Amino acid sequence: MSALLDLDRVSKSFSRGGLFSTRRVAAVKEVSFALEADKPEIFTVIGESGSGKSTLARMILGIHTPSSGQVRLGGRDVTTYDRRAFMAEVQPIFQNPFEAFNPLKQLDRYLFMTAERFGGASGKTAAEEQADVALRQVGLSLAEIRGRFPHELSGGQLQRVAIARALVAKPRLIIADEPVSMVDASLRMSIVNLFGRLRDELGLSIVYITHDLATAYYISDRLIIMQKGVVVEQGPARAVLSAPTHPYSRQLRDAVLTPDSAGAFRAIHSRQAVATPGVSS
Amino acid sequence: MSGAAEQAPVLQVRDLQAHFRTHYFGVNREVRAVDGVSFDVNRNEIYGLAGESSSGKTTLIKTIAGLLKPPLEMVGGSARFSFLPDWDAVGRAPPEVVRAIRWRHLSYIMQGSMNVLNPLRRIKHSFRDFAWRHLGGSKAEFDLRAAAHLERVKLDPSVLAAYPHELSGGMRQRVTIALATICKPEFIIADEPTTALDVVVQKDVLGMIRTIQQEMGSSVLFITHDMGVHAALTDRLGIMYAGRLVEDGETPEIFARPLHPYTRHLIGSLPRIGDTEQREGLEGTPPNLATPPPGCRFHPRCPLAMSVCTTTVPAMIETLSGHRVACHAVNPGMAA
């Protein structure tokens, strides 16, 4: 069994403060996990803000160099990769599709550029063809996107274009950092379902970073839960979320508000308070 | 809620219309961000407003609060507060009247706490800026009062001396709640106050909003797109789609018996832990409000759409007791 992605005791610390009072802040501490090459899966990283999940994503993408430990792609340290070869294997999707695209640039140009740089397309026709194939995989087509600017599309459509752009490079791994938190409620599930289809039909592995436990339960195969840079719990997604053992995981699970938690704060509402208005006008 | 029903509502919104009007180079453009919305908010209740981005919920509360700046204009209808009986909308009252009620009777909890608190001023200065005018007293008295009030949201009085960047997101949001409630206002508008917080902190902050609201007996207009938050917190709930209210009623009733197809989708599409059923997103996209679809604005995406939906705006009808819905499939033959 060879590993597609392999994190070996990866840590990252940042220095904070001035010249005389420098402190080291550990953002990620000794995180290890591996994704198998021949078993595509959606691997979820859950954690609150400040838990180090985005730093972890940046290290996998080679944007940050780990302070210690190694991130290996196909057995090779990502810091030793040629960037262009690396980006053909691993592609990112970011949180806010409105910020990810330059508002003054037509969307199809992102697709063509990615096709030529990382997708191995030579010439305009090949790039257009690759862009169209990728857009059809996300339920759009080049005819709809050609010449359009970001403001002409909705958040859900833009996020699909962002996913199509990542697919143009024909990567083996996609790193999605909070991909649905800025997408409209009625469109969110179509993006999440799209990730499931990419895994099942294209055999892509996806590292899905989120703080939304419900979608993690819905779509992911395995997950890790991070708190302050440390992995506190890991395992098969549904097993872990159905019966979390670490106190922090339990706290997270109990804090999720769903339609079933109706009246969590309403129960204390008393009729007596209704009868006496607090302030007289 | 029978006790509340006997009293006049604190806020009565009737057929409110607010449009963005621009005219550049001889081209007039009108975006109907709020188009004929009517609802009541009773005393001592939390009324929730749900809707996705660009459904007009922020424009609606701006209009209700009288924060009208061109190109946003209040075109028609009224939004009458019980503490401002002489004017049919805050935005139509003269500035000195608005200044007197703002923060004393009507306050806000905003979304980005970092944008509300001046980054160059200590928290106590922010408190003085907002509330001293209304509460009066000497500076020392006021600071003591602010410190006492901070304890209600479980913050240490030393927070008063801090700058906003020294506090965590959850603490800052609690400061903005304390700021909004120190004058014991009758009406609080909360615009996505917990969206930027993570789930554990969010639960704390929501519990705090409920506790303070009950202590003071105020009314809260609570806006978020998160249906889980609405289920847990609000007493009554209104669902907005493309600038119009499509359904409203008591929250448990809406979750138990959603009538409008859009509400049904919003509730039905939420994944839950422990439930592995396949859930689908809605086809299509929210409409552009500069050129909204005719008739019912939801019809291009609606699974129940009929020919009447493409031509006639459905009326908001009370179908069940206290539960109103605007849909031709639910109320046949009722045009607005």
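**Helix α5(A), strand β4(A) and residue B:Y163**

Trainee: Which residue follows α5(A), and near what value is its phi?

Mentor: In this predicted model, the residue after α5(A) is a glycine with a positive phi. The residue is A:G139, and its phi is near 85 degrees.

Trainee: How far apart are the end C-alpha atoms of helix α5 of chain A?

Mentor: The helix covers residues 124-137, that is, 14 residues. At 1.5 Å a residue, the expected span is 20 Å. The model agrees with this expectation, for the end C-alpha atoms are separated by 20 Å.

Trainee: What covers the buried residues of α5(A)?

Mentor: The buried residues of α5(A) include A:A127, A:A131 and A:L135. Among the elements of chain A that cover the buried residues are α4 (107-117), α6 (142-145) and α7 (155-168).

Trainee: Which residue in the turn between β4(A) and β5(A) has a positive phi?

Mentor: Strand β4(A) runs antiparallel to β5 (residues 76-77), and two bridges join them; A:L73 has A:R76 as its bridge partner. The two strands form a hairpin with two residues between them. The turn residue with a positive phi, of about 55 degrees, is A:G74.

Trainee: Which residue of β4(A) is the bridge partner of A:L7?

Mentor: Strand β1 (residues 3-16) and β4 (residues 68-73) of chain A pair in the antiparallel sense over five bridges. In β4(A), the partner of A:L7 is A:V71.

Trainee: Why does B:Y163 count as partly exposed?

Mentor: B:Y163 lies in the loop between α6 (139-152) and α7 (169-181) of chain B, and touches residues including B:P119 and B:R122. Partly exposed denotes the range between under 20%, buried, and over 50%, exposed. B:Y163 therefore counts as partly exposed, because its relative accessibility is 25%.

Technical notes:
Residues numbered from 1 in each chain as written. Chains lettered and ligands numbered in written order. Predicted model: local features only at pLDDT ≥ 70, side-chain atom pairs only at ≥ 80, totals over all residues. Heavy atoms only, no water. Helix = DSSP H or I, 4+ residues; strand = E, 2+ residues; numbered from the N terminus. Expected span 1.5 Å × (residues − 1). Buried < 20%, exposed > 50% of the residue type's maximum accessible area, 1.4 Å probe, protein only. Contact = heavy atoms within 4.5 Å. Pairing = 2+ DSSP bridges. Lists of a residue's contacts leave out its neighbours within four places in sequence.
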